[in-house]
Amino acid sequence: MTAPVLSLSGVRYAWPGRTAFSIEVEALSVAHGETVLLLGESGSGKSTLLSLICGTVLADQGVVAVDGQDLSQLSSSARDRFRAEWIGVIFQQFNLLPFGTVQDNIALPLRFAPTRRDRVLDVAGEAARLCSALGLPGGILTEKAARLSVGQQQRVAVARALIGEPSLIVADEPTSALDAGSQTAFLDLMFQQITACRASLLMVSHDPALGQYFDRVVRMEDVARVERRMT
Ligand SMILES: Nc1ncnc2c1ncn2[C@@H]1O[C@H](COP(=O)(O)OP(=O)(O)OP(=O)(O)O)[C@@H](O)[C@H]1O
């Protein structure tokens, strides 16, 4: 049996400072090629959990492993490189570089990830293929990101996460700005592309209606114990 693409065990994390929010996750894993929706209300710690998974914050206790690599064993710069190599991240606000072109934005993670870069023979060709597969108009590659509609930015953010086929795609509420019809169309396209590159997907949302698209739905309250102390 191959190791899961993501596994958390005995994880504990408390935000430093006066926030007094802490989270404990006994066990959570995502298998290769699996799509998992992590459901939780606002403030339940979903983004905190994604930060732990991406290694932007380090667990105080326990192990977070991506593709078998314990993130706490990497230096801060090695962790940044590891994230760029193996994790495609779709942020809630997409975080595109506004003055960069669509092509610059899609190619960005490859700059920091030589192995991922090596998997893409023709960067411009692959960016164009992903744009077309995600329903973006031809010629968009040379547009500045700031000029795009929200729906277009969202698709560019997906293309940026997928380029070079990282093993894990992590998405933080990427459909929250869309109406139900546009959500369905967007998720269909995103899932087709994720399946084509055999990546695993962990997406967080507060919306139970999205569960039908995923292999598995995990509720925050079933995997995470959170504590808020008044300071
Ligand atoms: N960067 C941060 N610094 C300090 N505390 C933070 C930070 N981010 C989150 N927190 C704390 O963690 C708690 C949970 O926030 P988090 O963003 O993880 O929840 P969420 O489920 O993603 O919420 P939402 O759906 O509203 O984005 C917050 O109430 C806050 O106290």
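Two strands pair if DSSP finds at least two bridges between them. With that in mind, open this predicted model and begin at its sheet.

**Strands S7 and S8.** Select residues 168-172, which are strand S7, and residues 200-205, which are strand S8. The two pair in the parallel sense, over 5 bridges. For a point of reference, pick Val170 and look across to Leu202 in S8, which stands opposite.

**The whole sheet.** Now add the other strands. The sheet is open and has 5 strands, in the order S6-S7-S8-S3-S9, with parallel pairing. Go to strand S6 (87-90) and then to strand S9 (216-219): these stand at the edges. Each has a single partner strand, so one side of each is left without a neighbour in the sheet. From one strand to the next, the twist averages 20°.

**Helix H6.** Keep S6 and S7 shown and select H6, which lies across both. Its direction is at about 170° to S6.

**Helix H3.** Select residues 102-111 next. Which residues of helix H3 are buried? They are Val102, Asn105, Ile106, Ala107, Pro109 and Leu110. To view what covers them, show helix H2 (76-86), helix H4 (114-118), helix H5 (123-133) and helix H6 (150-162), which are included in that cover.

**The ligand.** Finish at the ligand. Around it are Trp15, Thr19, Phe21, Gly40, Ser42, Gly43, Ser44, Gly45, Lys46, Ser47, Thr48 and His206. Helix H1 (residues 46-54) gives the largest share of this shell, 3 residues. Colour the shell by class: 2 residues are nonpolar, 9 polar and 1 charged.

Notes
Residues numbered from 1 in each chain as written. Predicted model: local features only at pLDDT ≥ 70, side-chain atom pairs only at ≥ 80, totals over all residues. Buried ≥ 20, exposed ≤ 12 C-beta atoms within 10 Å, placed from the backbone. Helix = DSSP H or I, 4+ residues; strand = E, 2+ residues; numbered from the N terminus. Contact = placed C-beta atoms within 7 Å. Axes fitted to C-alpha atoms, helices over the stretch in contact; angles between N-to-C directions. Near = placed C-beta within 6 Å. Nonpolar A, V, L, I, M, F, W, Y, C, P; charged D, E, K, R; others polar.
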